[in-house]
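The exercises that follow ask for a careful reading of side-chain contacts, ring pairs and backbone geometry. Each task is followed by a solution that goes step by step.

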Amino acid sequence: HWKHGGIVGVLGYGGGVIGRYCDRPDLFPNCAHFHTIRVNQPGGKFYTTKILRQLCDLWEKRGSGLTNMHGSTGDIILLGTTTDELEPVFYELTHELNMDLGGSGSNMRTPSDCVGMARCEWSCVDTQAITYNITMTYQDMLHRPAFPYKFKFKTSGCPNDCVAAIARADCSIIGTWRDDIRIDQEAVKAYAAGELVTNGGAHGTKARKLDIQKEVCDLCPTKCMEFDGKKLKIWNEDCTRCMHCINVMPRALRTGTDL
Ligand code: SF4
Ligand code: SF4
């Protein structure tokens, strides 16, 4: 059993290390300390294999070798090291890997984002640019706890909200579009005729007939869609940009272009 928390960290920072001490160091001296280190993940969680190898080598050498990619905050979590290894880990992270500690405790937590425009055609905002900007602007708040409680920023490129900004952040930034959903009526017909794979293949990779009325129009939360068997109509002024219809028919429907 671990005692949670405790005052432990690196010089100049108030967050980033979570103290873990064994309740019975007399019985288990080899795991008397097992501190957790939070490492600020890159925007969109993109890595080179080289940096991942370096990170694993560092943690094999100075910690338990156990990692969690990633914690719910978004950080890389390095699990289990001793107090005397904290400063060397911090030095090597910042000087050799060009990485920094993340947030913990009552500070601004490491901002996190979805893959955004780097990989996803639905992204309406540059999630990585936003996250980088917030991270650099609030460095002090990120490393030195000044709040009565934690505070989280999360940025999703579209309302699918893959980074769970609504559920898990205090400030949720979600990209959307101002104009109309783009419709390819030929592709709508192809979905209805069973020529295309629905949901981008997420629910099975075989083409099947899509019941557009039942599976798309009836599930639109604002009922702003109409399908007469041939043509799909959307009353965009009533659309809440929930992404449901686009997720089901990505070949036929796309987000607008006025971002
Ligand atoms: S939130 Fe939207 S833009 Fe970001 S990865 Fe998910 S689907 Fe793509
Ligand atoms: S995005 Fe959502 S609200 Fe808008 S038309 Fe599609 S299903 Fe309806």
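A polar contact is a pair of N or O atoms within 3.5 Å, where, within protein, one atom must be able to donate a hydrogen and the other to accept it. The model is predicted.

**Exercise 1. Place His35 in the chain, decide whether it is buried or exposed, and find its polar partners.**

Step 1. His35 belongs to the loop that runs between strand 3 (20-22) and strand 4 (36-39).

Step 2. Its relative accessibility is 0%, and because buried means under 20%, His35 counts as buried.

Step 3. A polar atom of the His35 side chain lies 3.0 Å from the backbone nitrogen of Arg20, and the side chain of His35 is also joined to that of Thr83 by a polar contact of 2.9 Å.

Step 4. The loop between strand 3 and strand 4 also holds His33, which is partly exposed at 27% relative accessibility. His33 and Thr83 are 50 residues apart in sequence, while their C-alpha atoms are 7.0 Å apart in space.

**Exercise 2. How many salt bridges does the structure hold, and which parts of the chain does the pair of Arg62 and Glu92 tie together?**

Step 1. The total is eight salt bridges.

Step 2. In one of them, the side chains of Arg62 and Glu92 meet with an N to O distance of 2.8 Å. Since Arg62 lies in helix 1 (residues 49-62) and Glu92 in helix 2 (residues 86-95), the pair ties together parts that are 30 residues apart in sequence.

Step 3. Glu92 has a relative accessibility of 10% and therefore counts as buried.

Step 4. The side chains of Arg178 and Asp258 also form a salt bridge, at 3.1 Å from N to O. This pair links distant parts of the chain, with Arg178 in the loop between strand 9 (171-174) and strand 10 (182-183) and Asp258 in the segment after strand 13 (253-254), 80 residues apart. Arg178 is exposed at 59% relative accessibility, whereas Asp258, with a relative accessible area of 35%, is partly exposed.

Step 5. Through shared partners, salt bridges join Lys61, Arg62, Glu85 and Glu92 into one network.

Step 6. Another salt bridge is that of Arg24 with Asp26, whose closest N and O atoms are 2.8 Å apart; here Arg24 is partly exposed at 41% and Asp26 is exposed at 55%.

**Exercise 3. Count the aromatic pairs, and state which residues the ring pairs link into a cluster.**

Step 1. The count comes to three aromatic pairs.

Step 2. Tyr13 and Phe90 form one that is edge-to-face, with 4.9 Å from centre to centre and 65° between the planes. Tyr13 is in the loop between strand 1 (2-4) and strand 2 (17-18) and Phe90 is in helix 2, so that, at 77 residues apart, the pair links distant parts of the chain. Phe90 counts as buried, at 13% relative accessibility.

Step 3. Phe151 and Phe153 are likewise edge-to-face, at 5.4 Å centre to centre and 65° between the planes. Phe151 is partly exposed at 32%, whereas Phe153 is buried, with a relative accessible area of 13%.

Step 4. Ring pairs link Tyr138, Phe151 and Phe153 into a cluster. Tyr138 is placed in the loop between helix 3 (127-137) and helix 4 (139-143), and at 33% relative accessibility Tyr138 counts as partly exposed.

Step 5. Tyr138 and Phe151 also help to make, with Met141 and Phe147, a nonpolar surface patch of about 310 Å².

**Exercise 4. Which peptide bond is cis, and where do the residues Asn98 and Ala164, each with a positive phi, lie?**

Step 1. The peptide bond from Met69 to His70 is cis, with omega near 5°, and His70 is in the loop between strand 5 (66-69) and strand 6 (76-79).

Step 2. Asn98, although not a glycine, has a positive phi of about 55°. Asn98 lies in the loop between helix 2 and strand 7 (112-113) and is exposed, with a relative accessible area of 71%.

Step 3. Ala164 is not a glycine either, and has a positive phi of about 55°. Its place is the loop between strand 8 (153-156) and helix 5 (165-168), where Ala164 counts as partly exposed at 24% relative accessibility.

Methods. Residues numbered from 1 in each chain as written. Chains lettered and ligands numbered in written order. Predicted model: local features only at pLDDT ≥ 70, side-chain atom pairs only at ≥ 80, totals over all residues. Heavy atoms only, no water. Salt bridge = Lys/Arg side-chain N within 4 Å of Asp/Glu carboxyl O. Buried < 20%, exposed > 50% of the residue type's maximum accessible area, 1.4 Å probe, protein only. Helix = DSSP H or I, 4+ residues; strand = E, 2+ residues; numbered from the N terminus. Phe/Tyr/Trp six-rings, centres within 6.5 Å; stacked < 30°, edge-to-face > 60°. Patch = residues over 30% accessible without salt bridge, like charges linked within 9 Å, V, L, I, M, F, W, Y side chains within 5 Å. Areas by Shrake-Rupley, 256 points an atom, 1.4 Å probe, with all protein chains shown as cover.
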